[in-house]
Amino acid sequence: MSTDIVRLSENHRMSLAVETSGFVFLAGLTAVATRGASVTEQAKEILERIDHHLAEAGTSKKNVVSAQVWLTDIATFDEFNLVWDAWIADAGKPARACVEARLADPALTVEIMVTARR
């Protein structure tokens, strides 16, 4: 197993994905196109972005081992879970935390970060 660190989709501040020791660590992802939209729309976009970045790193949601979810309003927990449950339905269920938190931009209502096995 390689111990090299591969950084994907880097910018001046961070990498959106980092591969090392057989794992892929995604940064916390937020909505871009659906910024300001409902939790449902933002969550769908974020999960599509997660699928994209995992595929880019040679893995998929079937290999996700942990997930952290931040919601700006925990009252949207059930709304978020409808989207999450549909997305993860055909994959193994990761360990997950879901908490209420203030995000960097008031137009953002969801942030999701996952770690997957490669």
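**Close-up views of the predicted model**

**View A. A salt bridge joins Arg35 and Asp105.** Asp105 has a relative accessible area of 23% and is therefore partly exposed, buried residues being those under 20%. In this predicted model, the side chain of Asp105 meets that of Arg35 at 2.9 Å, N to O. The two residues belong to distant parts of the chain, 70 residues apart: Arg35 lies in the loop between S3 and H1, and Asp105 in the loop between strand S5 (95–100) and S6. Arg35 is also partly exposed, at a relative accessible area of 39%. A search of the whole structure finds three salt bridges; the other pairs are shown in Views B and C.

**View B. Glu19 and Arg118 form a salt bridge.** The N-to-O distance between these side chains is 3.1 Å. Glu19 is in strand S2 and Arg118 in the segment after S6, so that the pair links parts of the chain 99 residues apart. Glu19 is buried, with a relative accessible area of 12%, whereas Arg118 is exposed, with a value of 54%.

**View C. Lys61 and Asp90 are linked by a salt bridge.** Here the N-to-O distance is 3.5 Å. Lys61 occupies the loop between H1 and S4, while Asp90 occupies the loop between H2 and S5, and 29 residues separate the two along the chain. Although Lys61 takes part in a salt bridge, its relative accessibility is 16%, and the residue therefore counts as buried.

**View D. The largest nonpolar core comprises 29 residues.** Those with the most contacts inside this core are Leu26, Ile50, Leu54, Phe80, Trp84, Ile112 and Val114. At least two core residues come from each of strand S2 (15–20), strand S3 (23–26), helix H1 (39–56), strand S4 (64–71), helix H2 (77–88) and strand S6 (110–117). Helix H1 supplies the largest share, six residues. The surroundings of Phe80 give a detailed view of part of this region. Setting aside its neighbours within four places in sequence, Phe80 contacts Val39, Ala43, Val69, Leu71, Arg96, Val110 and Ile112.

**View E. Phe80, Trp84 and Trp87 form a cluster through ring pairs.** The structure contains three aromatic pairs. In one of them, Trp84 and Trp87 have ring centres 5.2 Å apart and planes at 50 degrees, so the pair is tilted. Trp84 and Trp87 are three residues apart in helix H2, and therefore about one helical turn separates them. Both tryptophans are buried: Trp84 has a relative accessible area of 5%, and Trp87 has one of 8%. Trp84 has a charged partner as well, since the charged end of Arg96 sits over its ring, 5.2 Å from the ring centre. Arg96 also appears among the contacts of Phe80.

**View F. The charged end of Arg117 sits over the ring of Phe23.** The distance from this charged end to the ring centre is 4.7 Å. Strand S3 (23–26) and strand S6 (110–117) each contribute at least two residues to the largest nonpolar core.

**View G. Helix H1 carries a set of buried residues.** Val39, Gln42, Ala43, Glu45, Ile46, Leu47, Ile50, His53 and Leu54 are buried in this helix. Their cover includes strand S1 (6–10), S2, S3, S4, H2 and S6. At 1.5 Å a residue, the 18 residues of H1 should span 26 Å; the end C-alpha atoms lie 25 Å apart, which agrees. After the helix comes Gly58, which has a positive phi near 85 degrees.

**View H. Glu56 of helix H1 touches Leu8 and Ser9.** Residues up to four places away in sequence are not counted among these contacts. Glu56 and Leu8 are 48 residues apart along the chain, yet their C-alpha atoms are separated by 8.4 Å. Glu56 is partly exposed, with a relative accessible area of 41%. Other residues of H1, including Ile50 and Leu54, are buried.

Technical notes
Residues numbered from 1 in each chain as written. Predicted model: local features only at pLDDT ≥ 70, side-chain atom pairs only at ≥ 80, totals over all residues. Heavy atoms only, no water. Core = buried A, V, L, I, M, F, W, Y, C linked by side-chain atoms within 4.5 Å. Buried < 20%, exposed > 50% of the residue type's maximum accessible area, 1.4 Å probe, protein only. Helix = DSSP H or I, 4+ residues; strand = E, 2+ residues; numbered from the N terminus. Contact = heavy atoms within 4.5 Å. Salt bridge = Lys/Arg side-chain N within 4 Å of Asp/Glu carboxyl O. Phe/Tyr/Trp six-rings, centres within 6.5 Å; stacked < 30°, edge-to-face > 60°. Lys NZ or Arg CZ within 6 Å of the ring centre and 35° of its normal. Expected span 1.5 Å × (residues − 1).
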